[in-house]
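Me: Hi! I have a structure I'd like to go through with you, one short question at a time. Could you help me look around?

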Amino acid sequence: MNVRAVLFDRDGTLIDINRTWGTVLRHLLMDLSDGNLKLATELGHLVKFNYARCACEPGSPILTNPPSGYSEPWASHLGVEFNRAFLGRVEDFILAHAADRAAAFDDTASSVRALADAGLPLGLATNGTEASAMAQLKRLGILDCFTFIVGYDSGHGEKPEPGQLFGFAEHTGIEPRHIAMVGDSLHDMHAAQYAGMVRVAVTTGALTAEELKDHCDYLLGSLTELVKLVGLKSAGEGAAA
């Protein structure tokens with residue numbers, strides 16, 4: 001595997017979706033509902049978010065889409081116009097609390113640092129906002145490992161379109177075929193395919209191994225496996241093998 005740079009998805013790849021966003025989304029829905037628990041629960045149901053369990057259910061659009069891709073049903077149910085003001089309210093709330101409960105997987109920091117210490121340029125491409133991604137990486141203590149961070153609002157579009165991926169390739173000066181796109185969703189894998197990058201799927205997020213296996217070049221259970229795949233020592237051991 002001749003990989004010279006790595007581009008990561010965020011949710012489900014670097015951070016645990018429900019541990020990070022569950023409480024934030026719960027408070028957001030209560031805020032939108034003006035404290036009405038029944039209404040907040042209904043809003044959650046519209047996007048397959050279980051308010052009581054504080055968790056996204058399989059197939060929830062929250063798992064793969066930006067706020068613009070899942071918040072319109074809320075406006076409709078609340079009887080208000082879905083416009084820039086409503087979306088801005090959602091995005092502002094999310095940004096204000098993005099780093100509150102940022103929860104990385106156990107091997108996220110060590111794996112990212114192992115790759116960065118080996119000299120591989122690292123990037124992050126998320127369908128969330130750029131600002132929230134930066135806030136979370138800073139909270140997790142790994143912001144300095146990344147030279148490229150984009151969200152759906154950064155001017156490169158959103159996945160599964162390949163704009164974010166092409167942006168990283170241009171930033172690094174490395175041909176897409178030598179870049180690994182690491183993600184947990186079909187959006188990530190399709191974007192990688194469109195961009196001509198190596199498709200590396202991880203089973204730590206939105207989809208199961210069965211759902212991912214036919215859409216990737218490599219199927220991994222953790223970021224530790226990624227470190228080994230690109231020819232480095234186990235996460236936490238540091239230098240290249």
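Me: Where does Cys54 lie?
Reply: Cys54 is in the loop between strand E2 (49-50) and strand E3 (55-56). One caution before we go on: this is a predicted model.

Me: And what about the phi of Cys54?
Reply: Phi of Cys54 is near 60 degrees, so a positive value, in a residue other than glycine. Most residues other than glycine have a negative phi.

Me: Is Cys54 buried or exposed?
Reply: Cys54 is buried, with a relative accessible area of 15%. The cut-off for buried is under 20%.

Me: Which cysteine sulfur is closest to that of Cys54, and how many disulfides are there?
Reply: The closest one is in Cys56, with the two sulfurs 9.3 Å apart. A disulfide needs the sulfur atoms within 2.5 Å, so this pair is too far apart for a bond. The count of disulfides comes to zero. Cys56 is buried as well, at 10% relative accessible area.

Me: Where else is there a positive phi in a residue that is not a glycine?
Reply: Have a look at Asp34, where phi is about 55 degrees. Asp34 sits in the loop between helix H1 (17-32) and helix H2 (37-46).

Me: Buried or exposed, that Asp34?
Reply: Exposed: the relative accessible area of Asp34 is 69%, and the cut-off for exposed is over 50%.

Me: New topic, peptide bonds. What is the bond from Lys159 to Pro160 like?
Reply: The bond from Lys159 to Pro160 is cis, with omega near 20 degrees. Most peptide bonds are trans.

Me: Where is Pro160 found?
Reply: In the loop between strand E5 (148-150) and helix H7 (163-172).

Me: Which residues does His187 touch, leaving out those up to four places away in sequence?
Reply: His187 touches Lys159 and Pro160, the two residues of that cis bond, along with Thr64, Asn65 and Asn127. His187 itself is found in helix H8 (residues 186-195).

Me: How accessible is His187?
Reply: His187 counts as partly exposed, at 21% relative accessibility.

Me: How far apart are His187 and Glu161?
Reply: In sequence they are 26 residues apart, and in space 8.1 Å, C-alpha to C-alpha.

Me: Let's go inside. How many residues does the largest nonpolar core have?
Reply: That core has 56 residues. Those with the most contacts inside it are Phe8, Leu14, Trp74, Leu122, Phe146, Val182 and Leu226. Helix H1 gives the most to this core, with seven residues.

Me: What lies apart from it?
Reply: Another core, of 15 residues, including Ala5, Val150, Ala195 and Met197. In soluble globular proteins, nonpolar side chains tend to be buried together.

Me: And empty space? How many cavities of 30 Å³ or more are there?
Reply: The count comes to one, and the largest cavity has a volume of about 260 Å³.

Me: What lines the largest cavity?
Reply: The lining has 24 residues, and Arg10, Asp11, Ile62, Asn65 and Gly128 lie nearest the centre of the cavity. H1 and H8 are the elements that give two or more residues to the lining. The largest share, three residues, comes from H1.

Me: What about the lining by class?
Reply: By class, there are nine nonpolar, nine polar and six charged residues in the lining. Asn65 is worth a second look: one of the residues nearest the cavity centre, Asn65 is also touched by His187.

Technical notes. Residues numbered from 1 in each chain as written. Predicted model: local features only at pLDDT ≥ 70, side-chain atom pairs only at ≥ 80, totals over all residues. Heavy atoms only, no water. Helix = DSSP H or I, 4+ residues; strand = E, 2+ residues; numbered from the N terminus. Buried < 20%, exposed > 50% of the residue type's maximum accessible area, 1.4 Å probe, protein only. Core = buried A, V, L, I, M, F, W, Y, C linked by side-chain atoms within 4.5 Å. Contact = heavy atoms within 4.5 Å. 1 Å grid on protein atoms, 1.4 Å probe; cavity = no way out; pocket = protein on both sides within 12 Å on 5 of 7 lines; lining within 4 Å. Points joined across faces, edges and corners; volume = space filled by probe spheres on them. Nonpolar A, V, L, I, M, F, W, Y, C, P; charged D, E, K, R; others polar.
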